[in-house]
Amino acid sequence: MGAFTQPELLATLETLDPPDWSSVSALAHRIIDDAVGHLGRVRERPVWQPLPEEIEALYQAPVPDRPTPLEDVYRQVKDTVLAYPMGNIHPRFWSWYMGSGNFTGALGDFLAAIQGSNLGGGRHAAALVDQQVVGWLRDMIGFPEAASGTLVSGGSVANLVGLTVARNAMAGIDLREEGVAALTEPMRFYASDQVHSCHRKAVETLGLGNKALRRIPTDSRYRIDLEALRAAIAEDRARGFRPACVIGTAGTVNSGAVDDLTALAGIAAEENLWFHVDGCIGALLSIAPENAWRVKGIERADSVALDPHKWLHAPFEVGCALVRDRAKHRETFAVSPEFLQGMPRGIASGQWLHEFGFQTSRGFAALKVWMALMEHGIAKFGRLIDQNVAQAAFLADLVRSNPPLELIVEPEINIVCFRYAPQGLNEERLKETNLEIMLRLQETGVAALSDTTIRGKHCLRAAICNHRTRPDDLNLLISEVLRIGREIAQS
Ligand SMILES: *Cc1c(COP(=O)(O)O)cnc(C)c1O
């Protein structure tokens, strides 16, 4: 096939741009109006609803060959996607642990996509915003200005970044060159038995194996037992392991327990270990006037993972890894062929941000965080965190004053574990009953809770990371749990 001529190329020229921008403008305005209406009326809709079979079937269809007018594509999204959400932006969603989004953040995501910049690096404004947001998060937890950081997809990757730097910095060999096979003493990481499951994935991904993560028992408040930790480190040293890293959790996923970070920083310093904090839930307590004291010591960590898509309510996804020692952070990830090492001028004269993580291309997640922080200011986010902690205490009071509800854990921060526990039911029946309550709450669209088991007791779990929740929502939760509980008892 010979070369094309310019007229030939022109004759077949195609683009993804619309033939007429004014036609998409009208639709785009309607989408915005619909979106505003959708958010404005979120409280009136069910938290979640089961998907009809026809809708499930729609999403089995093969990739389309032929075009569909954008109007119709949007209609399908509106009727069959937006109508069936997971539910986490609803004021009565308290399952697992996630933020509830915000409109400004959504606009930020839209604008970030419109600009389309790649945060792999370079000299452009998005890179400045990205690094400014990292700097703001660094300041929020009291990390030194020289610390580095990177925005990632979420807490799991943020923890993986921190633990990777920890592994490489503590390996005692050139781990990047030699690999884990060259380790003569197997490395050990320590965390409480309440540690999030992503840490297991991380040590496995890092080639260290699940056994490299020693789970240390917790005290009566589900915080890592410091004496047991010391003993485990000593035992491992005696057995020829290489203790490398202590992972503190600021807000456990089960019950919101916050490890004694100051004490852990002390132990890590004495034992010469890396100190990583999983702050996905609680790191940002540091900006909440009433509750900042709970995470004192986080500023002494070597690395911290935190999650702006939780208590900053950024729309998914955005997590952040911060590392105190910028050089160690960069040495872990930088692969810099000469030609990428910075042009004196032009687009490549900025920093190569991909030197601080796994990704090369990265989206402009910073903008949604930046815009919401600019709009509201940090103090408001701090108050919203305090508000959720106060709401959890209020919910715990409601539980205490409404038998046969039983409070399973006194809430430390914003997670309340409780169950419907009429007399005479064994653990198995209690679990059945509470699971049924949880499912009926979801299926009726009233509220979304999840469940967990704490020291053998199965319970419902309400994690209030939600800027839309009002006290009445919690009253309704309690009255519905009691009503459904009685309904089950009578059936
Ligand atoms: C949510 C969470 C994670 C994982 O974060 P993702 O953003 O879901 O990847 C890790 N640790 C804790 C304590 C969490 O709550």
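These exercises work through a helix, a ligand site, salt bridges and backbone geometry in a predicted model.

Residues are numbered from 1 along each chain as its sequence is written, and side-chain values use heavy atoms, with hydrogens and water left out. Local features need pLDDT of at least 70 and side-chain atom pairs count only at pLDDT 80 or more, while totals for chains, interfaces and linings use all residues.

**Exercise 1. Check the length of helix α7 against its expected span, then describe its cover.**

Step 1. Helices are DSSP runs of H or I with at least four residues, strands are E runs of at least two, and both are numbered from the N terminus. Helix α7 covers residues 155-170, which is 16 residues.

Step 2. The expected span is 1.5 Å times one less than the number of residues. For α7 that should give 22 Å. The end C-alpha atoms are 22 Å apart, so the two agree.

Step 3. Buried means under 20% relative accessible area, exposed over 50%, and partly exposed in between (1.4 Å probe, protein chains only). Of the 16 residues in α7, 13 are buried.

Step 4. Look past the helix end. Gly172 follows α7 and has a positive phi, near 80 degrees.

**Exercise 2. Describe the shell around the ligand and its polar contacts.**

Step 1. Collect residues with a heavy atom within 4 Å of the ligand. There are 13, and the closest are Ser156, Asp278, Asp307, His309 and Lys310.

Step 2. Sort the shell by class. Three residues are nonpolar, seven polar and three charged. Here Ala, Val, Leu, Ile, Met, Phe, Trp, Tyr, Cys and Pro count as nonpolar, Asp, Glu, Lys and Arg as charged, and the others, Gly among them, as polar. Helix α7 gives the most to this shell, with three residues.

Step 3. List pairs of N or O atoms within 3.5 Å. A ligand oxygen is 2.6 Å from a side-chain N or O atom of Asp307. For a polar backbone atom of Gly155, the distance to a ligand oxygen is 2.7 Å. A polar side-chain atom of His309 also lies 2.7 Å from an oxygen of the ligand.

Step 4. Taken alone, the ligand exposes 380 Å², and the protein buries 86% of that (Shrake-Rupley, 1.4 Å probe).

**Exercise 3. Examine the salt bridges of Arg75, Arg483 and Asp236.**

Step 1. Apply the rule: a side-chain nitrogen of Lys or Arg within 4 Å of a carboxyl oxygen of Asp or Glu. The count comes to 34.

Step 2. Arg75 pairs with Asp72 at 3.2 Å. They sit three residues apart in helix α4 (residues 70-81), so about one helical turn separates them. Arg75 is partly exposed at 44%, and Asp72 is partly exposed at 33%.

Step 3. Arg483 pairs with Glu480 at 2.9 Å. Both lie in helix α16 (residues 471-490), three residues apart. Arg483 is partly exposed at 34%, whereas Glu480 is buried at 13%.

Step 4. Asp236 pairs with Arg239 at 3.9 Å. Asp236 is buried at 0%, but Arg239 is exposed at 51%. Both belong to a salt-bridge network with Arg188, Arg214 and Glu235.

**Exercise 4. Where do the cis bonds at Glu317 and Pro404 lie?**

Step 1. The Phe316 to Glu317 bond is cis, with omega near -5 degrees. Glu317 lies in the loop between β6 (303-306) and β7 (319-323).

Step 2. The Pro403 to Pro404 bond is cis, with omega near 10 degrees. Pro404 is in the loop between α14 (378-400) and β8 (405-409).

Terms used
Polar contact = N/O pair within 3.5 Å; in protein donor to acceptor, adjacent residues only side chain to side chain.
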